Every structure is written in structure tokens, then in C-alpha cells.
Amino acid sequence: MFEQIKIHPNDEAFRNDYIVYICQKFFISRKYKPKRIIEIGVRAGYSAYGFLTAVPNAEYFGFDAENGTHGGERGPYMDWAKDILSIFPNVKYKKIDTQTIDSLGEIKADFIHVDGDHSYQGVLHDLELVFNHHLDEHGVILVDDIDRIPDVALGVKKFLNNHPNVKYKYLETFNGDVLIGDIADILFNDISIFREVEKKNKSIISLSENKVDKKIYIIDSFKKKKLVEYLQGNEKVLIRFGHGWGDTQMFMPIFYQLKKIYSKVIFDLYLENGQEEIFNSVKSPDMSQYDFVFSLNFPMSEGSNLTKSEKCCIEEIGIEPISKLATLSLQESPIVLVHFQGTCLPEGVNCSLDISEKIWEEIKQFGKIPFECHFCHNFHNPVNNKYQFIDNSARNYKANLKNLIGLVQNSFAFIGVASGPLVTALSIMPDRTLYLEKHHHIKNYTYDNVDKINILNYKDGNVLSWLENLTNKNMGK
Ligand SMILES: C[S@@+](CC[C@H](N)C(=O)[O-])C[C@H]1O[C@@H](n2cnc3c(N)ncnc32)[C@H](O)[C@@H]1O
């Protein structure tokens, strides 16, 4: 029945798959007959098209970040969705990143499709958001991609753990759906409707206690069997560690120990949320490549005499308990010092408010932390009031030369007008110092070749490109 649907040219190769997918969304919606639908993750509008075909007059509110993640792409898909959904009378969209908000506005719906950010935290956030604020009594939430993306299954599982009284039903659809809500069970006590459509034969991620079964990818319960008890010798193993930064630092020595003890087993680690930039991690792993995928819970140890690491070793891994913290490699300083106002000759030296603010913003845009290197020492010039936009400054702290020198020595770069801090920076790190020149030539202070920008003729992006150049030259500490 959906053979004629307009599939986006990028998706044309998967036309048949999409038709199956849309059919299944249609069947789910036809079964439930929602009056109002909310969808997080619209993309090209296929699921919405399936839902609305079953209930053409239902109100539909679609939200999508269009940020190029999780199958989305800026521009083309949303326009496509608008086009194919234009035949339905009550369709509204909003471009928004749902991860950054705690309300979608004053709306409630009896049917909510969660198909946006597919990370563990992302799914959990969206589920809590819609469940707590936007779901009608007796409404249902449908979550897509349970089978395809392990983090989605783990996010759903965590949500169900948070809400033990909430009912749910797994639906063996194209990507695996879970229906969550009071009447999920009643609605789909018979899944035979899915036999109406062709299905791919694929593995299932269990939402309940996992059995050791080749069909089930993720092992996340270690009550009956510890991780090492699964290992025979030459397996390829993925360990998913989806916890906070503190936990990861406690866990890493355990991971290295495991690799040392089971040296023939190939262990991969799967981290996210920036942790993968610090420790070796696989990116978007294909779970089917592994003999075992373990997802550790890293249980709380408060109330016991053990550290969390020791508890994990004993209760989940099955090795002698160890407890130490990861060694972190040295990172370049995140601070860029700025000095906008000189003590003497403020007229001829000081950087104006608007240019200073531009410079400050460009440092932030570059990804570093601007810090005003301005001490209120004995000779502080009272005309040099702090600019309002400055939220990090040395002004309120002890003014002494050791603090100034230490600050400069531990910074990524210095950008400043003619004054004491500039000369300090020139003596410590001349190749990472940028002079903000106004009426006084740098040759009055040094014959060295110093990078400079004339602040009377400032061009947007000057500081940003100087900083980018510094990185390219790999001069950072
Ligand atoms: C898998 S696609 C959705 C597919 C769609 N339901 C369909 O059936 O065609 C995921 C969508 O979620 C969107 N998305 C990703 N992260 C998001 C976020 N934080 N907030 C809102 N939308 C997001 C992406 O832009 C992408 O369009």
C-alpha cells in the first residue's frame, strides 16, 4: 500500500526496507488510533507518514534538531518530510535539539514516537521528557531501533528500571520497537499483524535478564555468571562502559588488568561522551562482529567497605579486586590569557569594549577558556574598570608577581595590550603571544618578531585565525 511513497533520493537504495518500515508504523498507529501524535526525530517523515496514513486527521507535532546526527542531515530531509506530509491537515514541525530542553511546550499527546538521539543518555533523556511532561493518561510511547542500536535498548531498559510500574511490550518489527504505557500490553497481545509484512531475520536484544545465547548480543547481568566465566581463550569481546567520567577513571585499571590476564582475548572498549578522546575506544561498533558484548553496571558501593572498582571486580568481572585510578596523560592548557587594559597610558593602549568582547568570544569559539590576566596591584589604574562581559578574571585574587608568572607559564597563549603581563608573556612564550597594538609600536619593547594585531583596525576572526594557526603549528604546551 505504500509502494507509491516518495522516498528521498539518498534512501532510494533502501526503498523496500523503508516501505516495510512505514507499513509497520501504519499498523501500530491503526491499532491505537491516536488523536494527537508527538514525534522526536522526524528526518524525511517516513514514520510520520505511516502513522498519519492510519489517522489522517490526527494532530502531529514533529521535533528534529537537523544537526546531522542519528540519520539526520541539515536541510534536505526536513523539506522532504514537509512535502510528503503536506497531504495531512494538522501537521506542525519545530527544529529543536530535544537534549537541551526539559519541555516541548504546552502539549500532550496520546501517542509519542521517540526516534531522535540514539545514544544511551539521549534516549533516556527523551523518554523521561515525554513521559513526565507530555504523555496523556493511558497514552503510549513508541521507541524505534531497539534491535538495531544497543544503546537504545539500554536507554529503554534504564527508563523501565526507573519506572518499574510502567508496562511495556516489545514488538518484533523491522528495527525492533518497544511500546511503553499502561495499555501497551493490551494493545499488542497479538503481534500477528506483523506477519502481514515481510521481516528481516535478525537478532533480538533482550530487555530482561540476558541468557547466553548467540541471538542475544548484550550481557548486562552478572548475577549468575561473571564476565570472565564467558571467556574461553580467543574470543573477540566488546565492553560497553556507558557511565560518567569518574566511574570510567575507576574502571580503566580494571580493563587493563583484564587484558593482561586474558592476553589472548581481543578486548575492545566502547566509550562515549568525550571519554573516547581520552582512552582508546571503538566508534559506533558493529555488535555482530563480537563473540560477546558486555555492558557493565559498575554498581554503587556506598554503604559497603569496598571501592566501586573492587565491587565491579567481584560482582561483575570475576577477578581479584583491584582499586586504583587511571593515569591521565598530560593535556594542553585550556586557558588563553587576555589583558585589555594597561596600567600606564590607558588612552594609547587600551582595547575598546566592543573589540575586547569580540576577542573574548573568539577565544570561546576556538574552544578555550578566556581568562582576564588583570591583577589589581598597588599601581592599578582606577580608570581600568572591568568590562561587564568578563566572567573570569584575576582581579579578585591576590596580586603578586609569582601568581602572574605562574598563570602565564600554565596557559595556552597570551593576548594583550602593552603592559607588564605582555612583557612577562614575551619572556616566557614569545611564540604564543599576540600583541594587541594600538598607538605604541612593539619595537618600543622588544626587537623580537612578535605576532600582533592592530586593534584600531580589527577584522572579525583575527584572533580566531591566530589561535587556529597556533594549533596548526603545534606550538601548544
Ligand atoms: C533515525 S532518524 C528518525 C527517522 C524518522 N523517525 C523516520 O522514520 O524517518 C533520527 C532523527 O533524529 C534527529 N535527532 C538527532 N538528535 C536529535 C536531538 N537531540 N533532538 C531532536 N532531533 C534529533 C536527527 O536529525 C534525525 O533526523
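Helices and strands here are DSSP runs, a helix having at least four residues and a strand at least two, and they are numbered from the N terminus. With that naming in hand, select the ligand in this predicted model and display the residues around it: helix H2 (46–54) and strand S2 (59–64) each supply at least two residues of this shell. The shell holds 23 residues in all, and those that come nearest to the ligand are Gly41, Arg43, Ser47, Gly72 and Gly116. If you colour the shell by residue class, you should find 7 nonpolar, 10 polar and 6 charged residues.

Next, select Asp83, which belongs to helix H3 (residues 76–84). Because 13 C-beta neighbours lie inside 10 Å, Asp83 counts as partly exposed, a class that falls between the buried limit of 20 or more and the exposed limit of 12 or fewer. A distance label drawn from the C-alpha atom of Asp83 to that of Ala44 should read 9.2 Å, although the two residues are 39 residues apart along the chain.

Now turn to the strands, beginning with the open sheet of 7 strands, whose order is S3-S2-S1-S4-S5-S7-S6 and whose pairing is mixed. Strand S3 (91–95) and strand S6 (168–171) are its edge strands, each pairing on one side only. From one strand to the next, the twist averages 15°. Within this sheet, isolate strand S5 (residues 135–143) and strand S7 (residues 177–180), which are paired in the antiparallel sense over 3 bridges; to see one bridge partnership, select Leu142 together with Leu179 in S7.

A second open sheet can be selected afterwards, formed by 4 strands in the order S8-S11-S9-S10 with parallel pairing. Here the edge strands are strand S8 (218–219) and strand S10 (266–270), and each of them pairs on one side only. Show S8 with strand S11 (residues 292–295), and you will see two parallel strands joined by 2 bridges, with Ile218 standing opposite Val293 in S11.

Finally, colour the protein chain by its domain assignment, which gives domain 1 (9–196), domain 2 (218–317) and domain 3 (335–472). How far apart do the C-alpha centres of domain 1 and domain 3 lie? Placing a centroid on each of these two domains should give a separation of 51 Å between their C-alpha centres.

How values were computed. Residues numbered from 1 in each chain as written. Predicted model: local features only at pLDDT ≥ 70, side-chain atom pairs only at ≥ 80, totals over all residues. Near = placed C-beta within 6 Å. Nonpolar A, V, L, I, M, F, W, Y, C, P; charged D, E, K, R; others polar. Pairing = 2+ DSSP bridges. Axes fitted to C-alpha atoms, helices over the stretch in contact; angles between N-to-C directions. Domains from an automatic or database assignment.
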